[in-house]
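Reader: I would like to know how the labels used for a structure are justified. Please set each value against its definition.

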Amino acid sequence: MFARQAFRPAAALRHNVRRYATEAPKGGSNAAIYAALGGVALGGAYYYMNSGAVTPHPLKEEGKTPKSTSELAKVAFIGGEQGFLSLPLESVETINHNTKKFRFSLPEADMESGLRVASAVITKYKGPEMEKPVIRPYTPVSDTDAKGHIDLIIKRYPNGPMSEHLHNMAVGQRLDIKGPIPKYPWAPNKHEHVAMIAGGTGITPMYQVVKAIFKNPEDKTKVTLVFGNISEDDILLKHDLHELENTYPQRFRAFYVLDNPPENWQGGKGHVTKELLKTVLPEPKEGEKIKIFVCGPPGMYKAISGGKKSPADQGELEGMLKELGYSKDQVYKF
Ligand SMILES: Cc1cc2nc3c(=O)[nH]c(=O)nc-3n(C[C@H](O)[C@H](O)[C@H](O)COP(=O)(O)OP(=O)(O)OC[C@H]3O[C@@H](n4cnc5c(N)ncnc54)[C@H](O)[C@@H]3O)c2cc1C
């Protein structure tokens, strides 16, 4: 059973009794855990069902029969030879001092993206002064069955060519977007417990998976999120994450760690530490029942899991997760 009380109290921390998720709850709270750790630096439309399909419907690939109308939907991104779609910016919402949410319209109002969890898209832009176009991946945060649009949450990096361009775009302007770029293929109950270690905008692929899990009443997966940020303002999707914690206290738990915490901050301070991970993550002995996702800036990968060698090569498992005894197969780097 997985309950709020499943997190061990301060005393248990000292005795190195790791307790989580797949074990019976014993008492404790996030506050107790943080307190115990306090001293540590802590146009290409495609009709799946109606066209002379070149690309099979994903459900057909899996040998399943579509059940709902959404499974019969038209989809925008089909990959393969499709190339980039030129999509108009529909709306922009400011999220914080450096991050905005961008909604792009799909070619038709009743289209779905066609992305399967977890997937990214790539964007392409060539400014007037640029010799070559800049290409960057982003992870949509809209529901996979959202009709007519995809949403991207994008942080602006000073002098970052793509993020600056996006933040300067006006509604109605178009951006070249291509997809899907498949990442970890999620299936309901694929693992009993998923732990997610995210930094900054690294929350976006985690959010995609979290939404897929909690929208599906048949998916009983437990999720533990460890989310590192610079300051409280930088915690993206905070409201949505809090709501999930309140709605699914038995199955969703989030731990926040800040470099620059405000006074009276109840969460972790500094960087994500091995001690925090040891305390809140499911244990390595759980084997295939668990999976640990990592996504964040390069320094975070280095410390937690080691970096990826290339988009297609996960590289060796290193860092804290290796030291804590996890195997390469138990970890996925987005
Ligand atoms: C699979 C995948 C999905 C992604 N999804 C998202 C997303 O949903 N939202 C989002 O905002 N970004 C996301 N990113 C990052 C994004 O692709 C770009 O790297 C980022 O927007 C910077 O691009 P740029 O052209 O503006 O700047 P660049 O010139 O590429 O970088 C500008 C500066 O920022 C630093 N930098 C770049 N990326 C990061 C980072 N992730 N963390 C810390 N420093 C960084 C660079 O080292 C450089 O100093 C994702 C990356 C990958 C690989």
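Author: Of the 334 residues of the protein chain, 50% count as buried. This is a predicted model, where local features need pLDDT of at least 70 and side-chain atom pairs count only at pLDDT 80 or more, while totals for chains, interfaces and linings use all residues. Residues are numbered from 1 along each chain as its sequence is written, and side-chain values use heavy atoms, with hydrogens and water left out.

Reader: Why is glutamine 208 called buried?

Author: Buried means under 20% relative accessible area, exposed means over 50%, and partly exposed is in between (1.4 Å probe, protein chains only). Glutamine 208 has 7% relative accessibility, so it counts as buried. Glutamine 208 belongs to helix 5 (residues 203–215); helices (H or I, at least four residues) and strands (E, at least two) are DSSP runs, numbered from the N terminus.

Reader: What makes the link between serine 119 and glutamine 208 a polar contact?

Author: A polar contact is a pair of N or O atoms within 3.5 Å; within protein, one must be able to donate a hydrogen and the other to accept it, and residues adjacent in sequence count only if both atoms are side-chain atoms. A polar side-chain atom of glutamine 208 is 2.9 Å from the backbone oxygen of serine 119.

Reader: Which label fits asparagine 264, buried or exposed?

Author: Asparagine 264 has a relative accessible area of 67%, so it is exposed. Its place is the loop between strand 12 (252–258) and strand 13 (268–269). Asparagine 264 has a positive phi of about 65°, although it is not a glycine.

Reader: And leucine 237, is that buried or exposed?

Author: Leucine 237 counts as buried because its relative accessibility is 13%. Leucine 237 also has a positive phi, of about 60°, without being a glycine. The loop between strand 11 (222–229) and helix 6 (238–247) holds leucine 237.

Reader: Why is the pair of phenylalanine 293 and tyrosine 332 called edge-to-face?

Author: Rings of Phe, Tyr and Trp (its six-membered ring) pair if their centres lie within 6.5 Å; planes under 30 degrees apart count as stacked, over 60 as edge-to-face and the rest as tilted. By this rule the count comes to 8 aromatic pairs. For phenylalanine 293 and tyrosine 332 the centres are 6.2 Å apart and the planes are at 80°, so the pair is edge-to-face. This pair links distant parts of the chain, with phenylalanine 293 in strand 14 (residues 290–295) and tyrosine 332 in strand 15 (residues 331–333), 39 residues apart. Both residues, phenylalanine 293 and tyrosine 332, are buried.

Reader: Which aromatic pair do tyrosine 332 and phenylalanine 334 form?

Author: Tyrosine 332 and phenylalanine 334 are edge-to-face, at 4.9 Å centre to centre and 85° between the planes. Tyr184, Phe293, Tyr332 and Phe334 form one aromatic cluster.

Reader: How do you know that lysine 190 lies over the face of tyrosine 184?

Author: A charge sits over a ring if NZ of Lys or CZ of Arg is within 6 Å of the ring centre and within 35 degrees of the ring normal. Lysine 190 lies over the face of tyrosine 184, at 4.5 Å from the ring centre.

Reader: What places arginine 136 in polar contact with the ligand?

Author: An N or O atom in the side chain of arginine 136 is 2.8 Å from an oxygen atom of the ligand. For tyrosine 138, a polar side-chain atom lies 2.6 Å from a ligand oxygen atom.
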